[in-house]
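Subject: Structure for you to look at

Hello,

Here is the structure I promised to send. Please open it alongside this message; my notes follow below.

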Amino acid sequence: MSADLSTLFTGIRFENPFMLASAPPTESDANIMRAFDAGWGGVVTKTIGLHPVVNVKGPKTKFLRADNNGDRLSMMKRPESTLLASWNWELISDKPLDWWIGKLARIKKAHPTKILVASIMAGSGNDKELHNWQTLTKAAQDEGCDAIELNFSCPHMDRVDMGSNVGKDKVLCSVVTQAVKEVSRVPVWVKLTPATANIVEEAQACFLGGADAVSSSNTFPSLPVIDPQTLDFEMNVEGYVSPGGLGGPAILPLSLAKMAQMTKAFPDGSFSGIGGVSNFDHALCYFLLGCGTVQVCTAAMLDHAIGPNVVKTLITGMSQFMEQRGFASLSDFRGLRRDRVVAHSQIKRPEQFDYRGGYAEEHEGYAATLS
């Protein structure tokens with residue numbers, strides 16, 4: 001009997017748990033249609049706002065590579081090098097809500113069994129901005145979207161009440177989520193920024209606000225490297241640069257650490273894992289930590305823009321893994337290694353040491369030494 005790759009996540013039945021993340025691959029209805037034809041179980045649209053945005057002059061995304069001998073990091077494409085990361089300073093969709101109306105409905109009509117999630121963003125500083133979140137939510141669900149993903153994570157928004165600036169503020173996380181839940185008829189996911197001291201606090205605020213799931217991580221704030229010949233940043237506009245977002249293989253371990261914090265704190269919560277996934281081995285890490293779906297961006301961008309070969313690899317890898325291990329469904333192994341992540345003081349020391357978490361005597365707040 002072949003493995004059943006379908007899964008139930010926030011009450012929605014997915015044909016498979018692999019999704020395209022909100023990013024350039026999902027910036028248009030044409031791309032999303034191609035993605036569904038390729039086999040992706042779900043797609044999160046490029047983040048939709050009420051008003052058009054203006055992106056920087058010139059390239060918005062580049063890819064950081066390392067020479068195979070390890071001597072050089074550069075965004076220059078060249079032989080004998082290996083992809084380390086993507087870097088972008090792209091804003092949300094430059095196509096406002098009005099552009100998406102009608103197109104979202106046509107996508108869903110053409111692919112009724114695929115899962116279409118609308119990523120949305122507004123401000124958060126006043127009642128008008130909260131109403132804007134509600135306007136976007138109602139429009140997306142009226143178009144037939146299966147879920148809403150709130151973008152609390154974009155690392156390079158200019159406004160202090162948007163993007164990751166919301167995701168770093170527990171109160172704003174909760175207030176905006178509550179406002180959306182007041183009008184939503186579909187599940188509400190929240191995409192959090194990893195650029196916070198304790199992501200568990202923001203996740204808790206979102207769940208308290210009514211979030212059905214948390215997605216993590218978005219890209220990590222970062223700068224491009226400097227060219228030693230020109231002394232210019234490798235990504236710049238007229239010599240100037242602003243922090244952008246680092247994604248791709250380099251952030252897989254970082255994103256896993258953030259996800260483990262949350263899935264351990266909320267073992268009954270629903271989570272969608274993002275960051276560094278290009279094959280099933282990577283996706284499996286997120287599933288074993290407790291995620292119900294996994295989202296992909298960088299690998300898809302480098303594979304015909306929407307990842308037709310990537311999704312085939314993910315589906316084949318998962319099928320083979322489940323059949324070899326005798327797992328009937330994702331629920332059989334979801335969270336299987338979550339409890340292996342523990343406080344540093346709980347990692348066993350040599351037998352001769354009576355370890356007390358770095359203190360000479362037992363210290364309040366530290367777990368007892370493992371026997």
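First, a term for the helix angles: axes are lines fitted to C-alpha atoms, for helices over the stretch in contact, and angles run from 0 to 180 degrees between N-to-C directions. Please also keep in mind that this is a predicted model.

Helix 9 and helix 11

Start with helix 9 (residues 280–289) and helix 11 (residues 308–325). Their axes come within 9 Å and cross at roughly 65°. The crossing of helix 9 and helix 11 is right-handed. Helix 9 brings F280, A283, L284 and F287 to the contact, and helix 11 brings L314, G317, M318 and F321. By class, that contact has 7 nonpolar residues, 1 polar residue and no charged ones.

The barrel

Next, the strands. There is a closed barrel of 8 strands, in the order 3-4-8-9-10-11-14-15, with parallel pairing. From one strand to the next, the twist averages 25°.

For a detail of the pairing, take strand 9 (residues 147–152) and strand 10 (residues 188–192). They run parallel and are joined by 5 bridges. L150 stands opposite V190 of strand 10.

Helix 1 (residues 29–38) packs on the sheet. Helix 1 touches strand 3 (18–20), strand 4 (42–44) and strand 8 (115–120). Its direction makes about 155° with that of strand 4. Helix 4 (residues 127–142) lies across strand 8 and strand 9, and runs at about 150° to strand 9.

The pockets

Two pockets go on the list. The largest pocket holds about 490 Å³ of space. Its lining takes in 36 residues; S22, A23, N218, T219 and C297 lie nearest the centre. Strand 7 (81–88), strand 15 (293–296) and helix 10 (298–301) each supply at least two residues of that lining. Strand 15 is also one of the barrel strands. By class, the lining of the largest pocket has 16 nonpolar, 17 polar and 3 charged residues.

The second largest pocket has a volume of about 320 Å³. Which residues of its lining are the closest to its centre? They are H51, V53, I92, R159 and M162, out of 18 that line this pocket. By class, the lining of the second largest pocket has 10 nonpolar, 4 polar and 4 charged residues.

That is the full set of notes from me.

Best wishes

Technical notes. Residues are numbered from 1 along each chain as its sequence is written. This is a predicted model: local features need pLDDT of at least 70, side-chain atom pairs count only at pLDDT 80 or more; totals for chains, interfaces and linings use all residues. Side-chain values use heavy atoms; hydrogens and water are left out. Helices (H or I, at least four residues) and strands (E, at least two) are DSSP runs, numbered from the N terminus. A crossing is left-handed if the near helix is turned anticlockwise from the far one by less than a right angle, and right-handed if clockwise. Contact means heavy atoms within 4.5 Å. Ala, Val, Leu, Ile, Met, Phe, Trp, Tyr, Cys and Pro count as nonpolar, Asp, Glu, Lys and Arg as charged, and the others, Gly among them, as polar. On a 1 Å grid over the protein atoms alone, a cavity is a set of points where a 1.4 Å probe fits but cannot get out, and a pocket is an open set with protein on both sides within 12 Å along at least five of seven lines; lining residues have an atom within 4 Å of a point. Grid points are joined across faces, edges and corners, and a volume is the space filled by probe spheres set on the points. Two strands pair if DSSP finds at least two bridges between them.
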